[in-house]
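Colleague: I should like to learn how helix packing and pockets are read from a model. Could we work through one case together?

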Amino acid sequence: CMQVKGTKTLTAYTDAYEKKVEKAETKGAAFDFYGKLSLTKAVPLGLQHVLAMFVANIAPLIIIASVAVYNGQAFTTIETAQLLQNCMLIAGIGTLIQLYPIWKIGSGLPVVMGLSFTFLAACMSAASQDYGIMVGSIIVGGIFEGILGLTAKYWRRIISPVLSSCVVIAIGLSILNVGVSSFGSSSAYPLGSWQNLLVATITLTAALVFHTTLKGVAKQLYVLLGMLVGYVVSIFFGMVDFASMGQTIQSLGVVAIPKLFAFKPQFQLGSILSFALVFIVSAVETIGDTTATCTGGLGRDITAEEVSGSLCVDGFISAVSGGVFGCSPITSFSQNVGLISMTHVV
């Protein structure tokens, strides 16, 4: 090939062969965006996404609630639990709207939404003054980003792929300490103790073993299976606190109606401007995540309509998250984008 047709032909042939191999390895309904999966396959694959985002989704609100006051009163444990209930609900609603757009709101892509760490500093600053200030700022800032989404075709060219990737990497590096801390900490033992490190190592090792030994769709569940192994092991080490779980259930019940419109919004100009700037950063992050979903999971470039729809969800549903559910803004979750890129299950 090199002698007759040149190196370009050889490169093209190699690329075509690699794509053929990759296509053969990812053949089936799980790897087809329009494929129809049975519930026995869809539920565990979906649960894997929920567990991948669960801790990162509730962590921002736990941190915010620890410093928040409303009408001069600090949050109680029960009030925090009610907010955590709401944050899972709004994450699910945002994810569904991304998948099944309403008008121009939604990209139609498999993008998991959840509470953003990007807004943590701004939310803590506003909530420490009064939780209503945070809620009001989120409402205005979310509408602002939603409008940016509707007008994305006019300014999208300004946001280059390099810029989007730099923002996503910077946010990832800024919360890297959360993963390191989680690896070495628990509620039962001090940071860095051998018990914490052992359980974390067993969890990681189990996930890698499942990934290398299982076949087919089961192989793509290695993250879920690894976490289940780690959870069982952590029970034997006394790291799971069933007592506090029982107290919360006793106060709220196993199933509870979500508390909506619990916080009266306050509109403070300085806080609104701060949130508007962070929403711009969040928009760039969302562009990077949705683009990575298309290239890594679907094997194609993202369209202008998909960029616009994803930003509309990022903004308008964030306004709903703050104003209706009393939660911080939502955004696309990079760890779930990574999960799609690693497993190719779309």
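Colleague: At what angle do helix α9 and helix α11 pack, and how far apart are their axes?

Modeller: Please bear in mind that this is a predicted model. Helix α9, residues 194-213, packs against helix α11, residues 222-236, at an angle of about 150°, and the two axes are 8 Å apart. Angles over 145 degrees count as roughly antiparallel, and therefore α9 is roughly antiparallel to α11.

Colleague: Which hand does the crossing of α9 and α11 have, and which residues make the contact?

Modeller: The crossing of these two helices is right-handed. On the α9 side the contact is made by Val199, Ile202, Thr203, Ala206, Ala207, Phe210 and His211. From α11 come Tyr222, Leu225, Gly226, Met227, Val229, Gly230, Val233 and Ser234. Sorted by class, the contact of α9 with α11 holds 10 nonpolar and 5 polar residues, with no charged ones.

Colleague: What is the relation of helix α4 to helix α5?

Modeller: Begin with the geometry. The axes of α4 (residues 120-129) and α5 (residues 131-150) come within 5 Å and cross at roughly 135°. That angle makes α4 oblique to α5. In this contact, Cys123, Ala126, Ala127 and Gln129 of α4 meet Tyr131, Ile133 and Met134 of α5. The classes there are 6 nonpolar, 1 polar and no charged residues.

Colleague: How does α5 pack with helix α14?

Modeller: Helix α5 and helix α14 (residues 304-323) have axes 7 Å apart and pack at about 165°, so α5 is roughly antiparallel to α14. Here α5 passes α14 in a left-handed crossing. Among the α5 residues in the contact are Val135, Ile138, Ile139 and Glu145, while those of α14 include Leu311, Asp314 and Phe316. By class, the contact of α5 with α14 comprises 10 nonpolar, 8 polar and 2 charged residues.

Colleague: Let us turn to pockets. What volume does the second largest pocket have, and which residues are closest to its centre?

Modeller: A pocket is read from its volume and then its lining. The second largest pocket has a volume of about 810 Å³. It is lined by 29 residues, of which Gly46, His49, Leu99, Pro110 and Val346 are the closest to the centre.

Colleague: Which helix supplies the largest share of that lining, and how is the lining divided by class?

Modeller: The largest share, 7 residues, comes from α2. Helices α2 (39-67), α3 (77-99) and α15 (334-343) each supply at least two residues of the lining. By class, the lining of the second largest pocket has 20 nonpolar, 8 polar and 1 charged residues.

Definitions and conventions: Residues numbered from 1 in each chain as written. Predicted model: local features only at pLDDT ≥ 70, side-chain atom pairs only at ≥ 80, totals over all residues. Heavy atoms only, no water. Axes fitted to C-alpha atoms, helices over the stretch in contact; angles between N-to-C directions. Helix = DSSP H or I, 4+ residues; strand = E, 2+ residues; numbered from the N terminus. Parallel < 35°, antiparallel > 145°, perpendicular 65-115°, else oblique. Left-handed = near helix turned anticlockwise from the far one by under 90°. Contact = heavy atoms within 4.5 Å. Nonpolar A, V, L, I, M, F, W, Y, C, P; charged D, E, K, R; others polar. 1 Å grid on protein atoms, 1.4 Å probe; cavity = no way out; pocket = protein on both sides within 12 Å on 5 of 7 lines; lining within 4 Å. Points joined across faces, edges and corners; volume = space filled by probe spheres on them.
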